[in-house]
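Reader: I should like a close look at a single part of this model, with attention to how it is held in its surroundings. Please then relate it to other parts that deserve comment.

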Amino acid sequence: MVAEARTAIARASQALRHADLARRRGCVRDLIGLIVEATGVQVEVGEVCMVGESRGRPRVATEVVGFRCGRTLLMPLGELHGIGPGTPVHPTGAPFRVAVGESVLGRVIDGLGAPVDGREPPQAGAWRHTTAAPPDALSRPRIRDLVGLGVRALDGLVPCGRGQRLGIFAGSGVGKSSLLGMIARSTTAEVNVIALVGERGREVREFIERDLGEALEHSVIVVATSDQPALVRIRAAFTATAIAEYFRDQGRHVMLMMDSVTRFATAQREVGLAIGEPPATRGYTPSVFALLPRLLERAGTSPSGSITGLYTVLVDGDDMNEPIADAVRSMLDGHIVLTRKLAQGGHYPAIDVLQSVSRLIGEVVSPEVHRAAQRVCAALAAYHEKEDLISIGAYQAGSDRVLDSAIAMRPRIEAFLRQPVDQQSTIADAHQELLSLASGLDTEAGASHDTEAGSRQTSRPKGRVPVSSPAGGDPAIPMLQLS
Ligand SMILES: Nc1ncnc2c1ncn2[C@@H]1O[C@H](COP(=O)(O)OP(=O)(O)O)[C@@H](O)[C@H]1O
Ligand SMILES: [Mg+2]
């Protein structure tokens, strides 16, 4: 009894010692653009402050984004109404948190966790800070298992490991949302967390009804449309990541999709420019490049579960060297490139498999499948290189056996790569078909091919360098470096 009382007293005094008991209310001094400048508050960057309480209006949630000349810079997480000089500012003492739990499954919420599907707010199983540290580098189990994406071209040629992070690079209207919807419907991951950042309002409903359909049941959608304040768009990306982390901590395998990282970056650019950061590359401020890894590194494996991350990046005019595309590509474990040329030709999903790379292909698929993938890519590359000649009938059959087999197998390879949005496919289907394509290519190339191929120059896709064949490997197959 006495011991229990002692423990209770010790705990209470400990809590008192750490408690922040002084209420430090400040007030608004200036408001320029979207930045509220306040004095009299002692706060930390990232802390949420409530501004307002004047003339019966509700308080506006704001977040501390910086300090200048002894003043605190706040940005709104909602509409800036009823704020004037002297309006009180109440620090909450904590950064932004979001409700997580099983009840968020099947729900559509905004960047701050509030429901936008017209239903009750989801019941909070727990509250989580949206900014969390990524799992310890050394505690992350290596990625070895394959996660099915339900898209043949990807499962076969750009396979994704459980906990891997892939970028989807594409211009607008090339089929990103449709592809994400296809993946969400057929993936073997248990939970989908989908962040729609900076989309047009119309596209959100279209995505949920047309692309996602029944997969909504085991998905959570976090939406911040382009008209929302920049901070809310940034929060949406972090909120979705925090929800994915909650499910990963429960031991689940999560598919986190973010459409798009570019809009997240432009939101942070807005914040950076508003607080006076210098614009660096193409107007993006340095904080954009500091924030990107803090978002992208949080996906991946942890000892309990995994978050597989698919992040879309807008590449205007197919400029893959645009700064955000460049930065994101260097941070992720591979990229999927969708091209307008394929989309315009009615080839959907418009995945350019020769430009797409999964850095973990060697770890997540069997050596046979890996070899078959390389064989099919080599045939595709050979065909592309001579496509112009072939189309005008200037290519003489028989002058290049790799190309001959590629031409003969072209219809089957095309059929493999194309997939209607509503067609389901499994990893087993994709691999079986891929192995059959590779053996078809070998048969077409003929038995004599083995002896001659070693000395022949084989055309190869851009960016991939043939390396020597592994011991025991078929010398007819140009080995590609897939990193
Ligand atoms: N797999 C597909 N099959 C047929 N058409 C498709 C496919 N994917 C995309 N499309 C077409 O492309 C259009 C734009 O696709 P969407 O996914 O909305 O592009 P994005 O999200 O890149 O802007 C769709 O309206 C549809 O007509
Ligand atoms: Mg879209």
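Author: Two strands are taken to pair if DSSP finds at least two bridges between them. The model under discussion is predicted, and the part chosen is strand β18, which comprises residues 334-337.

Strand β18 has a pairing with strand β12 (residues 165-170): three bridges join the two, and they run parallel. Within this pairing, F169 has V337 of β18 as its bridge partner. A second pairing links β18 to strand β19 (residues 357-358), where two bridges are found and the strands run antiparallel. Here G334 stands opposite S358 of β19.

The side chains of a regular strand alternate between the two faces of its sheet. Strand β18 shows this division: G334 and I336 point one way, whereas H335 and V337 point the other. Which of these residues are buried? All four are, on the one side as on the other. The term buried requires 20 or more other C-beta atoms within 10 Å of the residue's own.

From β18 the description can pass through its parallel partner to the ligand. Strand β12 spans residues 165-170, and A170 is among the residues that surround ligand 1. The shell around ligand 1 also includes S172, G173, V174, G175, K176, S177 and S178, and further along the chain Y348, P349, P420 and V421. Helix α3 (residues 176-186) gives the largest share of this shell, namely three residues. By class, six residues of the shell are nonpolar, five are polar and one is charged.

A separate arrangement of strands offers a contrast in topology. A closed barrel of six strands follows the order β1-β2-β5-β4-β3-β6, and its pairing is antiparallel. Direction ignored, neighbouring strands of this sheet are turned by 45 degrees against each other on average. One of its pairings joins β4 (residues 60-68) to β5 (residues 71-76) through six bridges; in it, T62 has P76 as its bridge partner.

Burial also marks a helical element, α6 (residues 261-274). Its 14 residues reach 20 Å from the first C-alpha to the last, close to the 20 Å expected at 1.5 Å a residue. Helix α6 is mostly covered, with 11 of its 14 residues buried; among them are V261, F264, Q268, R269 and V271. Just after α6, G276 adopts a positive phi of about 95 degrees.

Key
Residues are numbered from 1 along each chain as its sequence is written. Chains are lettered from A and ligands numbered from 1 in the order in which they are written. This is a predicted model: local features need pLDDT of at least 70, side-chain atom pairs count only at pLDDT 80 or more; totals for chains, interfaces and linings use all residues. A residue is near a molecule or strand if its C-beta atom, placed from the backbone, lies within 6 Å of it. Ala, Val, Leu, Ile, Met, Phe, Trp, Tyr, Cys and Pro count as nonpolar, Asp, Glu, Lys and Arg as charged, and the others, Gly among them, as polar. Axes are lines fitted to C-alpha atoms, for helices over the stretch in contact, and angles run from 0 to 180 degrees between N-to-C directions. A residue is buried if 20 or more other C-beta atoms lie within 10 Å of its own, exposed if 12 or fewer, and partly exposed in between; C-beta atoms are placed from the backbone. The expected span of a helix is 1.5 Å times one less than its number of residues.
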